[in-house]
Every structure is written in structure tokens, then in C-alpha cells.
Amino acid sequence: MSRKSSLLIMVFMLLCLAIAPGRQTSAKEADGFELSVAEAGDRIDVTVTLNDAKDMYAYDLVLKFDPVRLAYEDAKLSLSGFAVKPKLSRGELRLAHTRVGETPGRNGMLELAVVGFQRIRGGDTYVKLESVRLVDSKLEKEELAPNSSMILRSSVVAKLPADVAGHWSEEAVREAMELGFATGFGDGTFRPDEPVTRLEATVLLGKALLVSEAGESEISFTDVGVIPLWGLPYVGEAARSGWLNGYGDGTFRGGKPIARQEFATIIARAMDASATGNAAVLSAFGDRHLLAPWAAGPTALAVERGILQGQGGGLLNPAATTTRAEAVTMILRLLASGG
């Protein structure tokens with residue numbers, strides 16, 4: 001087998017070993033790695049540099065990033081040689097590269113990669129160089145934990161409504177406003193304890209899931225004429241995607257306060273088309289018998305994923321109305337769970 005083939009196989013093996021479940025590897029803190037950031041509009045380019053390479057023949061690195069606020073766009077590896085196709089999972093990017101042939105490793109300052117992201121939501125975010133494997137020309141491997149990270153500050157600074165200060169949902173409301181899916185009222189209030197309507201809940205969820213405002217899904221609800229223009233794209237997408245059903249008479253009833261079991265059902269359907277969780281998780285709630293039959297499976301999924309929680313005393317209160325504070329909190333849990 002040629003040296004070139006051996007090195008390529010080695011790089012692939014490094015990748016496989018790195019993702020093997022339960023494998024323990026030793027690591028040491030590494031100096032000399034640097035992250036730098038260039039921003040142009042919503043485009044963010046993160047450059048990974050090794051300042052003092054010594055006979056570096058191949059590398060395998062892992063970047064972690066905030067998947068709620070950043071979307072991976074592309075990666076450019078400027079060094080000559082062979083690069084493995086980037087491996088992307090939620091919030092994690094793996095890149096690997098090797099030289100080929102009978103050549104020595106590289107030395108000195110090296111730009112390992114330039115990784116492009118798109119800022120998809122407001123709020124402070126981060127990119128972190130989680131781990132690096134370096135291989136020299138003698139095929140000796142070194143495992144490093146650089147501990148290099150960049151906090152990317154947002155130009156969006158949410159002005160917290162006065163009636164949220166000190167409320168249990170203060171941080172959730174602040175984050176929801178920074179992410180851009182929640183806003184206050186014209187009088188400077190948020191009204192966290194007010195019921196959220198079916199229309200408001202649908203729009204909040206649609207904005208959080210980045211539903212296009214230009215959507216033109218056909219809406220079959222018989223009361224579509226009273227749905228305001230600002231809500232039509234979100235209602236249309238929710239109905240088209242199966243998150244949202246109307247009532248037996250074909251109406252949407254957007255002005256009706258939405259019950260906890262209703263909102264849990266919509267969120268569960270947005271997460272999973274089957275929208276059915278393990279019924280055993282509902283055994284912790286003494287009022288589980290009050291759940292409507294159509295809501296039992298989706299509510300179990302929402303509880304299982306940590307999105308819907310009880311309200312104290314071992315009660316779920318499925319028929320109680322969802323408040324604005326509860327709605328944004330549940331949506332943030334959805335985003336954090338990966339949807």
C-alpha cells in the first residue's frame with residue numbers, strides 16, 4: 001500500500017474513532033490556536049489558525065457553534081492536499097485534511113480553515129474550537145483541547161418591557177425578543193400573564209421556526225377573512241405542515257385563547273409528524289385524565305422533550321389557557337432541543 005493511501009485511510013480512521021460512542025481519549029490543553037472573525041452583514045467568517053505548527057502532516061478538528069442563531073454555510077481549506085468532506089451535525093462541524101506523498105509536514109503559522117456561517121437570528125452567539133488532532137510525517141498523533149472560543153456580540157439589544165422586570169419569565173422574554181420572534185406592545189408592555197390567542201401562538205411559533213413571511217399556502221379555514229394579513233403566512237404554513245387543525249365547523253378562531261394542551265400539540269407536531277410520546281411520562285400528573293384524547297400523544301411528547309412542564313402540585317392543567325410568558329418559554333425550549 002502506498003504512503004498516500006495509508007495517510008488517507010488514517011484520516012478516515014481518525015474521523016471514525018472520534019465519533020465512536022463511549023470512546024475515551026486523552027487530551028491536553030493546547031496553546032497556539034487562534035480564532036478570528038470577519039463579519040459582513042449577516043455573514044460571519046471564522047478563521048482557524050495554528051500559530052506554531054511543527055511537522056504537521058494532517059489534522060482533524062471539531063468546531064462547535066450555536067445552531068439556534070447560526071447556520072453553517074461553507075468551509076475553505078487553503079492548504080494543498082486532500083480534504084475529507086465536512087461532517088455537519090447540529091451545532092458541530094468536523095473538518096479533516098492531510099498532505100499526500102513523501103513530503104515533510106508543515107511548520108510555522110498555518111491557516112487551517114475559514115468557516116462561513118449565516119446569522120439567522122439576533123442575540124449573542126458563539127463559535128468554539130472544541131478539539132484538534134494533529135498527525136506528523138511520522139504518523140504520530142497528538143490530541144489537543146485548544147479551549148479557543150469566540151463570543152459574537154449582536155447588534156440587536158432588546159429593550160426589556162417594564163412589566164417583565166422581576167417576572168419569572170424575564171430572561172426568557174429577553175431572549176425571545178433578541179431572537180426576533182416576540183415583541184412587546186405599543187405601550188411598552190409585554191403582558192406576560194395575559195392569555196395568548198391561537199393566532200398569536202401560531203405567529204410566535206412560525207417566526208421562531210423561521211417561516212417565510214412571503215408564504216402563500218392556501219388556507220381553507222372558513223373564517224380566513226378575519227385573519228389579519230400579518231398572520232396569514234404563519235397560519236397557512238402551520239395548516240399546510242399539519243401543525244395546526246381547525247375546528248369541526250372549519251373555523252380557525254384565531255382570537256380564542258389557546259389551551260396548554262392545544263399549544264403543546266402544535267409544538268409537538270412541529271417537532272415530529274407522528275407527534276406521539278411515551279404515555280408513561282404523564283403518570284406524574286394527577287390530572288392527566290383531563291387531557292383530550294387527541295392531545296394525549298402530542299402532550300406526552302412535549303413533556304418527554306422537556307417543553308411542557310407541570311404547574312405545581314403535580315398538575316398539568318391541560319385545559320388552562322397558555323400565557324404569553326409560557327408560550328415564549330415553551331418555544332425557547334423547542335429551539336434548544338433542536339426541534
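## Helix α6 and its surroundings

Helix α6, which covers residues 293-304, consists of twelve residues and reaches 17 Å from its first C-alpha to its last, close to the 16 Å expected at 1.5 Å a residue. The coordinates belong to a predicted model, and the statements in this report should be read with that in mind. The buried residues of α6 are Ala295, Gly297, Pro298, Thr299, Ala300, Leu301, Ala302 and Val303, and what covers them includes helix α5, residues 260-271. After α6 comes Gly306, a residue whose phi is positive, near 80°.

Ala300 offers a more detailed view of this helix. Ala300 is placed in α6 and counts as buried, because its relative accessibility is 0% and the cut-off for burial is under 20%. When neighbours within four places in sequence are left aside, Ala300 is in contact with Gly277, Asn278, Ala279, Val281 and Leu282. Ala300 and Thr265 are 35 residues apart along the chain, and their C-alpha atoms are separated by 9.2 Å.

## The chain as a whole

The chain contains seven helices and ten strands, and buried residues make up 46% of its 339 residues. Its accessible surface comes to about 16300 Å², of which 52% belongs to carbon and sulfur atoms. Among the contacts in the chain with a separation of 6 or more, 74% are accounted for by residues 24 or more positions apart.

## Helix α7

Helix α7 runs over residues 324-337, and its 14 residues should span 20 Å at 1.5 Å a residue, which agrees with the 20 Å between its end C-alpha atoms. Eleven of these 14 residues are buried, so α7 is largely enclosed by the rest of the structure. The buried positions are Arg324, Ala325, Glu326, Ala327, Val328, Thr329, Met330, Ile331, Leu332, Leu334 and Leu335, a list in which the charged residues Arg324 and Glu326 appear alongside nonpolar ones such as Val328 and Leu332.

The buried residues of α7 pack against α2, α3 and α5. The helix is followed by Gly338, whose phi is positive, near 95°.

## Links from α7 to α2 and α3

Two pairs of residues illustrate how positions in α7 relate to other helices. Glu171 lies in helix α2, residues 170-179, and its C-alpha is 9.4 Å in space from that of Thr329, although the two residues are 158 residues apart in sequence. Thr329 is among the buried residues of α7, whereas Glu171 is exposed, with a relative accessible area of 52%.

Ala208 is found in helix α3 and counts as buried at 1% relative accessibility. The C-alpha atoms of Ala208 and Val328 are separated by 9.3 Å, with their positions 120 residues apart along the chain. Not counting residues up to four places away in sequence, Ala208 touches Arg121, Phe181, Ile331 and Leu335; of these partners, Ile331 and Leu335 are listed among the buried residues of α7.

## Packing of α3 with α4

Helix α3, residues 198-208, packs with helix α4, residues 232-241, at an angle of about 80°, and their axes are 9 Å apart. That angle makes α3 roughly perpendicular to α4, since values from 65 to 115 degrees are counted in that class.

On the α3 side, the residues that meet α4 are Leu199, Thr202, Val203, Gly206 and Lys207, and their counterparts in α4 are Tyr234, Val235 and Ala238. By class, this contact has five nonpolar, two polar and one charged residues.

## Positive phi outside glycine

Two residues other than glycine also carry positive phi values. Asp55 has a phi near 55° and is located in strand β3, residues 43-65, where Asp55 counts as buried at 18% relative accessibility, a value that falls under the 20% cut-off. Leu139 has a phi near 65° and is found in the loop between β8, residues 125-136, and β9, residues 141-145. Leu139 is partly exposed, with a relative accessible area of 42%.

Notes: Residues numbered from 1 in each chain as written. Predicted model: local features only at pLDDT ≥ 70, side-chain atom pairs only at ≥ 80, totals over all residues. Heavy atoms only, no water. Axes fitted to C-alpha atoms, helices over the stretch in contact; angles between N-to-C directions. Helix = DSSP H or I, 4+ residues; strand = E, 2+ residues; numbered from the N terminus. Parallel < 35°, antiparallel > 145°, perpendicular 65-115°, else oblique. Contact = heavy atoms within 4.5 Å. Buried < 20%, exposed > 50% of the residue type's maximum accessible area, 1.4 Å probe, protein only. Areas by Shrake-Rupley, 256 points an atom, 1.4 Å probe, with all protein chains shown as cover. Expected span 1.5 Å × (residues − 1).
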